[in-house]
Amino acid sequence: MSNFWSMWIIVLTTITIVLIVWLLFSNRKITKSGENQTTGHVYDGIEEYDNPLPSWWIKMFVITIVFAIGYLIAYPGMGKFPGLLHWSSVGKWENEVQQAEHATEALYKSFMDKDITTLATDGKAMRTAKRIFANNCAICHGVNAEGSYGFPNLTDQDWLYGGEPEQIRHSISQGRNGTMPAWESMLGTDGLESMSQHLSDLSKGKADDSSPAANQYAMLCAACHGPDGGGNQMMGAPKLNDNIWLYGGDLGAIKQSIGKGRSGQMPAHHDKLSEEKIHLLTAYVYQLSMPVVGSKH
Ligand code: HEC
Ligand code: HEC
């Protein structure tokens with residue numbers, strides 16, 4: 001809140017309270033005569049009295065005003081003034097989070113002591129992990145981790161960066177950034193067309209190795225995607241000799257990938273999630289693709 005708005009609120013609130021007090025006391029007529037005075041208004045023969053407000057009513061009103069002032073001194077309300085109790089909703093929330101974390105700390109410590117393969121078979125741990133996954137990863141990889149356009153499926157054996165525990169941990173903790181250069185200008189319209197056709201054939205296992213496109217592939221693409229299209233986990237270059245696609249396998253999508261390039265971003269999580277949670281998630285992702293263990297809670 002800027003100083004201006006802070007002052008604005010303080011001045012407005014003070015004026016309102018002063019006005020209310022003034023209104024209250026200026027209307028508190030004291031009649032000594034004991035006679036009922038009237039306002040002079042008459043409706044259907046009923047006269048409107050102009051008696052002073054009942055004293056219990058005035059007292060209630062005074063109590064509410066005193067309460068309001070007390071409240072504004074103790075709690076935040078007057079612009080930026082934090083209140084003498086220094087209460088804040090953020091503080092309250094932080095307190096609750098701290099308590100919850102304290103309660104689960106021991107649990108996470110026990111997870112930390114287990115290696116990934118053991119942890120992956122621990123049903124209780126994996127149920128906890130599934131919740132962490134739902135909160136942090138599902139937005140991109142899907143609730144069942146099966147991925148979608150641009151977001152890799154984590155439940156299959158097809159890995160961009162590798163499915164061993166240390167590779168998975170690295171992906172989660174440090175993030176990944178796959179960069180596929182754009183080849184439009186290098187290949188030209190016809191070249192782009194035939195290269196796309198070549199990859200479509202390659203993914204179906206019927207590529208012609210002696211075609212000009214295959215030659216070009218060996219020159220331009222093999223360094224990252226491998227001579228046979230087997231991919232390269234060091235670069236995060238996907239396998240191109242299977243029918244699993246990150247960005248779609250129809251000719252149009254393949255052309256788009258090659259022509260314009262791609263840049264998938266997996267955000268780093270080491271500053272968002274504790275080491276324990278990353279450990280747990282590593283085990284979770286690890287077991288997702290295991291047909292034997294694959295408990296998929
Ligand atoms: C903002 C979207 C986003 C979020 C959130 C996200 N990811 Fe990813 N993740 C990606 C993308 C995109 C890639 C592929 C990166 C690439 O194309 O190079 C990826 C890649 C990965 C990989 C590597 C897959 C492989 O085939 O090697 C793993 C493992 C992974 N993510 C796990 C997770 C986990 C666990 C979480 C939750 C902590 C998570 N991701 C959260 C977008 C996301
Ligand atoms: C510098 C390394 C590099 C080179 C060279 C390279 N690529 Fe890629 N390519 C990648 C990476 C990394 C990705 C994944 C991008 C991502 O994760 O977003 C990719 C993705 C692709 C995809 C999308 C795959 C999918 O599953 O949707 C296609 C198609 C592709 N490349 C074809 C080619 C072709 C054809 C060439 C040669 C003309 C080529 N690439 C050269 C690194 C490279």
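Six donors around a metal count as octahedral if opposite donors are over 155 degrees apart and all others between 65 and 115. Keep that in mind for the first of these close-ups, which come from a predicted model.

**View 1. The iron atom of ligand 1 and its two protein donors.** Here His 141 offers NE2 and Met 266 offers SD to the iron atom of ligand 1, at 2.0 to 2.1 Å. The angles subtended by the 6 donor atoms run from 88 to 179°, which makes the arrangement octahedral. For reference, the ideal angles at a metal with six octahedral donors are 90 or 180 degrees. His 141 sits in helix 6 (residues 138-141) and Met 266 in strand 4 (residues 262-266), so the pair ties together parts of the chain 125 residues apart in sequence. As for burial, His 141 has a relative accessibility of 10% and counts as buried, while Met 266, at 24%, is partly exposed.

**View 2. The largest nonpolar core.** In soluble globular proteins, nonpolar side chains tend to be buried together. The largest such core in this model has 25 residues, and Leu 119, Met 126, Phe 133, Leu 154, Leu 280, Leu 281 and Val 285 are the ones with the most contacts inside it. At least two residues apiece come from helix 3 (89-112), helix 4 (116-119), helix 5 (123-136), helix 7 (165-174) and helix 12 (275-288). Helix 12 is the top contributor, giving 8 residues. Zoom in on Val 285 and, once neighbours within four places in sequence are set aside, you'll find contacts with Phe 133, Leu 154, Trp 159, Ile 168 and Ile 172. There's also a second, separate core of 12 residues, with Trp 183, Leu 192, Met 195 and Ala 222 among them.

**View 3. Glu 276, a buried acid without a salt bridge.** Glu 276 belongs to helix 12. Despite being buried, Glu 276 has no salt bridge: the nearest side chain of opposite charge is Lys 109, 4.3 Å away. The cut-off for a salt bridge is 4 Å between nitrogen and carboxyl oxygen, so this pair doesn't make the list. Skipping neighbours within four places in sequence, Glu 276 is in contact with Tyr 108, Lys 109 and Met 112.

**View 4. Helix 11 and what covers it.** Along helix 11 (residues 251-260), the buried residues are Ala 253, Ile 254, Ser 257, Ile 258 and Gly 259. Their cover includes strand 3 (176-180), helix 8 (184-203) and strand 4. Just past the end of helix 11, Gly 261 takes a positive phi of about 80°.

**View 5. Three salt bridges.** The structure holds 6 salt bridges, and this view picks out some of them. Glu 96 and Lys 92 pair up at 3.9 Å, N to O. They're 4 residues apart in helix 3, so about one helical turn separates them. Both are partly exposed, Glu 96 at 43% relative accessibility and Lys 92 at 44%. Next up, Asp 122 bridges to Lys 114, with the closest N and O atoms 2.8 Å apart. Asp 122 is buried at 16% relative accessibility, whereas Lys 114 is partly exposed at 33%. Finally, Glu 184 meets Lys 260 in a salt bridge at 3.0 Å, N to O. That one links distant parts of the chain, helix 8 for Glu 184 and helix 11 for Lys 260, 76 residues apart. Glu 184 is partly exposed at 38% relative accessibility, and Lys 260 is partly exposed at 49%.

Terms used:
Residues are numbered from 1 along each chain as its sequence is written. Chains are lettered from A and ligands numbered from 1 in the order in which they are written. This is a predicted model: local features need pLDDT of at least 70, side-chain atom pairs count only at pLDDT 80 or more; totals for chains, interfaces and linings use all residues. Side-chain values use heavy atoms; hydrogens and water are left out. Donors are N, O and S atoms within 2.8 Å of the metal (3.2 Å for Na, K and Ca); water is not among the atoms, so sites may look incomplete. Four donors count as tetrahedral if all angles lie between 85 and 135 degrees; four count as square planar and six as octahedral if opposite donors are over 155 degrees apart and all others between 65 and 115; anything else is irregular. Buried means under 20% relative accessible area, exposed over 50%, partly exposed in between (1.4 Å probe, protein chains only). A nonpolar core is a set of buried Ala, Val, Leu, Ile, Met, Phe, Trp, Tyr and Cys residues joined through side-chain atoms within 4.5 Å. Contact means heavy atoms within 4.5 Å. Lys and Arg count as positive and Asp and Glu as negative; His and the chain ends are not counted.
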